[in-house]
Amino acid sequence: MASLASGYEKIDPKVSSEPVWITFDRKGQMVNLGGKINESNYLETYAKDFGHFEIFQDTLSPIIELLNSFSPSDRKLKFLVKDNLKESGRATRLSYEALCNGSWIPVDYDLKSNTMECTVPESVEVPFNFELIISDYSKNTSRRTIRIK
């Protein structure tokens, strides 16, 4: 593994997200390699391969799309989740949380299809408020709130 480090003084200080190292996959999609700012004020990460690398500031929040309607019989909600950067093994995946009337419920995340699915517990009566909160590696956050009637 090779270590990458560079000064990042030209990064916009008004942007709240920290810079990350990126590379590009064979399809031309940006891949997040992560990174941290060391004590010498350099952005560092590790790469398994040689290639083209750039410093990037991710300012775009993930996109959350509802894929189905709530049905009292199966009580499932399914979402498509998109982020502008693919994640590598160095950068953490999305963090997420689902709430029904403010109480946490489990979510199944299928990384391959970029879908999230949750089953609303029987104890939650209709109508209720559902909220899905998703944050990416750069802490850009999206919220999707739905009132189920």
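## Rings, core and a small sheet

Tyrosine 109 has a relative accessible area of 22%, so it counts as partly exposed. That's a narrow call, because anything under 20% would be buried. Keep in mind that this is a predicted model. Tyrosine 96 is also partly exposed, at 33% relative accessibility.

**Aromatic pairs**

How many aromatic pairs does the structure hold? There are three, and two of them are set out here, among them the one formed by these tyrosines.

| Pair | Centre distance | Plane angle | Type |
|---|---|---|---|
| phenylalanine 79 and phenylalanine 130 | 5.6 Å | 10° | stacked |
| tyrosine 96 and tyrosine 109 | 5.4 Å | 70° | edge-to-face |

The tyrosine pair joins distant parts of the chain, with tyrosine 96 in strand β10 and tyrosine 109 in strand β12 (residues 108-110), 13 residues apart. As for the type, the planes sit at 70°, and over 60 degrees is what makes a pair edge-to-face.

The stacked pair has its planes at 10° and also links distant stretches: phenylalanine 79 belongs to strand β8, phenylalanine 130 to strand β14, and 51 residues separate them. Are these two phenylalanines buried or exposed? Both phenylalanine 79 and phenylalanine 130 are buried.

**The core around phenylalanine 130**

In soluble globular proteins, nonpolar side chains tend to be buried together. Here, the largest nonpolar core has 20 residues, and the members touching the most others are Leu77, Phe128, Phe130 and Leu132. Five strands supply at least two residues each: β8 (76-82), β10 (95-100), β13 (115-119), β14 (128-135) and β15 (141-148). Which strand gives the largest share? That's β14, with four residues.

Zoom in on phenylalanine 130 and skip its neighbours within four places in sequence: what is it in contact with? The list runs Leu77, Phe79, Ala98, Leu99, Cys100, Ile105, Cys118, Arg144, Thr145 and Ile146. Note that Arg144 and Thr145 are on that list alongside residues such as Leu77 and Ile146.

**A four-stranded sheet**

Strands of a sheet pair through backbone hydrogen bonds, either parallel or antiparallel. One open sheet in this model has four strands in the order β6-β2-β3-β9, and its pairing is mixed. At the edges are β6 (54-56) and β9 (86-87), each with a single partner strand, so one side of each has no neighbour in the sheet.

In the middle of that order, strand β2 (residues 20-24) and strand β3 (residues 30-34) run antiparallel to each other, paired over four bridges. Phenylalanine 24 has methionine 30 of β3 as its bridge partner.

Definitions and conventions. Residues are numbered from 1 along each chain as its sequence is written. This is a predicted model: local features need pLDDT of at least 70, side-chain atom pairs count only at pLDDT 80 or more; totals for chains, interfaces and linings use all residues. Side-chain values use heavy atoms; hydrogens and water are left out. A nonpolar core is a set of buried Ala, Val, Leu, Ile, Met, Phe, Trp, Tyr and Cys residues joined through side-chain atoms within 4.5 Å. Buried means under 20% relative accessible area, exposed over 50%, partly exposed in between (1.4 Å probe, protein chains only). Contact means heavy atoms within 4.5 Å. Two strands pair if DSSP finds at least two bridges between them. Rings of Phe, Tyr and Trp (its six-membered ring) pair if their centres lie within 6.5 Å; planes under 30 degrees apart count as stacked, over 60 as edge-to-face and the rest as tilted.
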